[in-house]
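Colleague: Before we look at the model together, may I ask how each term that is used for it is justified?

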Amino acid sequence: MSAARVEDVEYLAELERKILWLATWTIHNANHLRPSTDGLKVGGHQASSASLATIMTALYLKALRPEDRVAVKPHASPVFHAIQYLFGRQTREKLVNFRGYKGAQSYPSRTKDTDDVDFSTGSVGLGVAQTLFASLVQDYLTAKGLGHGPEGKMIALVGDAEMDEGNIFEALLEGWKHGLRNTWWIVDYNRQSLDAVVREGLWERFESIFRNFGWDVVILKYGRLQQAAFREPGGEALRRWIDACPNQLYSALTFQGGKAWRKRLMDEIGDQGDVTALIERRSDEELAQLMANLGGHDLPSLIDAFEKARAHDRPVCFIAYTIKGFGLPLAGHKDNHAGLMTPAQVEDLRARHHVRPGHEWERFEGLSIPPTQLDAFLKAVPFNTDGTRRHQAPQVAVPPVLDVPLQPAMSTQQGFGLLLNEIGKREDDFAAHIVTTSPDVTVSTNLGAWVNRRQLFAREELADTFKRERIPSTFNWEFSPKGQHMELGIAEMNLFIMLSALGLSHSLFGERLLPVGTLYDPFIERGLDALNYACYQDARFILAATPSGVTLAPEGGAHQSIATPLIGMAQDGLASFEPAFVDELAVILRFAFEHTQREDGGSTYLRLSTRTIEQPRRTMDAALAEDIVKGGYWLRRPGPNAQVVVAYAGALAPEAIEAVGLIAEDRRDVGLLAVTSADRLHAGWTAAQRAREDGEYGARAHVETLLDAVPPGCAVISVVDGHPATLGWLGSVHGHRSRALGVERFGQTGTLQDLYRHYGIDAQGIARAAQAMTPGRPIRHLRAVG
Ligand SMILES: Cc1ncc(C[n+]2csc(CCOP(=O)(O)OP(=O)(O)O)c2C)c(N)n1
Ligand SMILES: [Mg+2]
């Protein structure tokens, strides 16, 4: 029996009307009724929401199962919130306060909304790709027997103009490589974007693209009314006319309504006998209804299509023809994206929906099916039967110390590879929960040893031919369902969206993963919006970005990163570190594995380097480890008469150490501050200031305690292989004069020494700054700049 049972469709049709009303009223309220509407006016939501109301009704009230996860097109948030309100999962207060302070969010948000948003959306394209990567994560868990309950469909409701975002196609290719399953993308084919009407024939491009990548394509073009009309005498002529009608014209006629449809149809095909009768049998209103009865507004067609797709696990792209602004006076108008309904138009809609003044928020006001029955229907909706759809997963114990074989000289990148190699030897829960991923830089970021031990992941075994043929190779490139590394193609957006999906596994699927992703530091900027998106959703992961800075000397400006330390500081949800030494890295990595799992924790970014530097010989005690995690420690404490201290981050440690040696010849008590995390120092400082302002007078930041050792009048010189603003604020903590050294201009090729000299971040540059900042005799080892 078909899923589209007649009585169901009756309920759904009633509730669809209610959803459209509630969404419209929510928007109208935000625009006209709140006491202060300052800055809260709604653009973009009204017409865009109406376009998806039928599809979302068919999905949420019929097709979805609790295990499914959905990314809702950003501008359909009022429809989403209205549906959750009907389910009893959204409050009236939040709807009344839509777009307001702590109200329902303008764009569905996992972290800010309280009504069960699966994936945040907002920056178009990202939510779409997120469903694909979530599906790959679901496969990863299934392959390892870690799935909890039935597999769900990962579903994106996609705007047709949203399909212009390149990251969608990057994801599509990656999905194909991994044998994507259980993913549905439902394209809201209203043929309108924000500015205008989209190009003709776009659906054909979509169709061939998706088929090429192994997806099923389901085109939902004609609704039941249209299909019935096509079967009438003259119906074929009507179908031909519809198929040939340009998007612009179809939209314009929809906007104008029944009279305009009649005139145009009669002018163009009215001399064809049967079709004339077909048209004339219908009133203006019926004709408008017929022409607007596209597949995406036809509940039975949608329900059937979704039911058929559920029966298999192939990925499906639905191209659902819709009308932007369906059911509203804005329908079809090319300018309707930012269109707002006037109070008079809302009154007209109110009358059509039989909503009495003062009863606008009532769930069943004006509907013809009795409320008790509607209530019972909603309670029985499959999607609404499972209490919590958000899962939780216990934390995985992290070993108290992460071992690493230290060598006298090494780089942090090398240390990272060795740390993972050591973890790879473990046979515990901790190692089993780690999953690594990298966009074609697995080997060059030093993950090779880990991958050799833990293999690449694929749903089916794939042997390494080189190994089979006994050709010596450093790397064992074998794929298996046991594998713990997800190899990606070179697309950094994909890396971050994959990390986002892996990093939400505990919440989406009830199984915790400890994701570690690697990439070259400069290419963070390539995937930055996706990184921001992952953090906004509170996905938890560790990012090892290496190599970084101009330290990557001969690679030149295209591969050297300057702004990334500032990104690390500014990105919410991401603690960033730039250690100099491998023993520091071991402490930080351990912290990161715990930080990713803590309720109030977050993700971690490690800015690493390929520069081999001499390692300190020391034992790591608890106090030092704590300081490293807090962001810094004195490598050489300044004396009471210090005139200058040097603060450095990361790979410039040798320059800073050498500079302190030079300066110390001619200045007293010079101090050397090792900064492991400018981000954590700064965040701690800001938090302490805020706490004191709020009356917590004893609040004290780590950086404040550290800089207590610096006498007044002493200069603070900071140096970093990145933008100088990273540490430029240090002097403000206690009001010390300061000079921030770093890189402000594009990098270039050269030796390390050439470049450090060029940017003034070598020992000489640091000493020069010290001389300029402090009174006293010239620093004798300073060479003249030449
Ligand atoms: C990355 C990004 N760029 C631009 C925007 C602004 N924007 C929001 S929706 C939209 C296009 C709307 O067209 P479509 O996706 O077809 O959805 P519709 O409004 O037709 O439902 C644009 C450009 C955005 N949200 N994200
Ligand atoms: Mg559109």
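Modeller: The structure is a predicted model, and the discussion below takes up a metal site, a cavity and a strand in turn.

Colleague: What makes Asp160, Asn190 and Gln192 the residues that coordinate the magnesium ion (ligand 2)?

Modeller: A donor must be an N, O or S atom within 2.8 Å of this metal. Asp160 contributes OD, Asn190 contributes OD1 and Gln192 contributes O, at 1.9 to 2.2 Å. These values lie within the limit, and therefore the three residues count as donors. Their spacing in sequence is D-x29-N-x1-Q. Asp160 sits in the loop between β2 (154–159) and α6 (166–177), and Asn190 in the loop between β3 (183–189) and α7 (202–212), so this pair ties together parts that are 30 residues apart in sequence.

Colleague: Why is Asp160 called buried?

Modeller: The word buried applies under 20% relative accessible area. Asp160 has a relative accessibility of 2%, so the residue counts as buried.

Colleague: How do you know whether Asn190 is buried or exposed?

Modeller: Its relative accessible area is 4%. That value is under 20%, and therefore Asn190 is buried.

Colleague: How many cavities are counted, and what lines the largest cavity?

Modeller: The count comes to three cavities of 30 Å³ or more. The largest cavity holds about 120 Å³ of space. Its lining has 15 residues, and the closest to its centre are Pro565, Ser576, Phe577, Glu578 and Ala678. Two or more lining residues come from each of α24 (564–570), β13 (574–577), β14 (603–607) and α28 (678–693). By class, the lining divides into eight nonpolar, four polar and three charged residues.

Colleague: Why is strand β19 (residues 715–719) described as mostly covered?

Modeller: Five of its five residues are buried, that is, under 20% relative accessible area; the description therefore holds. Ala715, Ile717 and Val719 point one way from β19, while Val716 and Ser718 point the other way, and all are buried. In a regular strand, side chains alternate between the two faces of the sheet.

Colleague: What makes β17 (residues 644–649) and β20 (residues 738–741) partners of β19?

Modeller: Pairing requires at least two bridges between two strands. β17 and β19 are joined in the parallel sense over five bridges, and four bridges join β19 to β20, also parallel. Both counts satisfy the requirement, so each is a pair. Ser718 in β19 stands opposite Ala647, and the bridge partner of Ser718 in β20 is Ala740.

Conventions
Residues numbered from 1 in each chain as written. Chains lettered and ligands numbered in written order. Predicted model: local features only at pLDDT ≥ 70, side-chain atom pairs only at ≥ 80, totals over all residues. Heavy atoms only, no water. Donors = N, O, S within 2.8 Å, 3.2 Å for Na, K, Ca; no water. Buried < 20%, exposed > 50% of the residue type's maximum accessible area, 1.4 Å probe, protein only. 1 Å grid on protein atoms, 1.4 Å probe; cavity = no way out; pocket = protein on both sides within 12 Å on 5 of 7 lines; lining within 4 Å. Points joined across faces, edges and corners; volume = space filled by probe spheres on them. Nonpolar A, V, L, I, M, F, W, Y, C, P; charged D, E, K, R; others polar.
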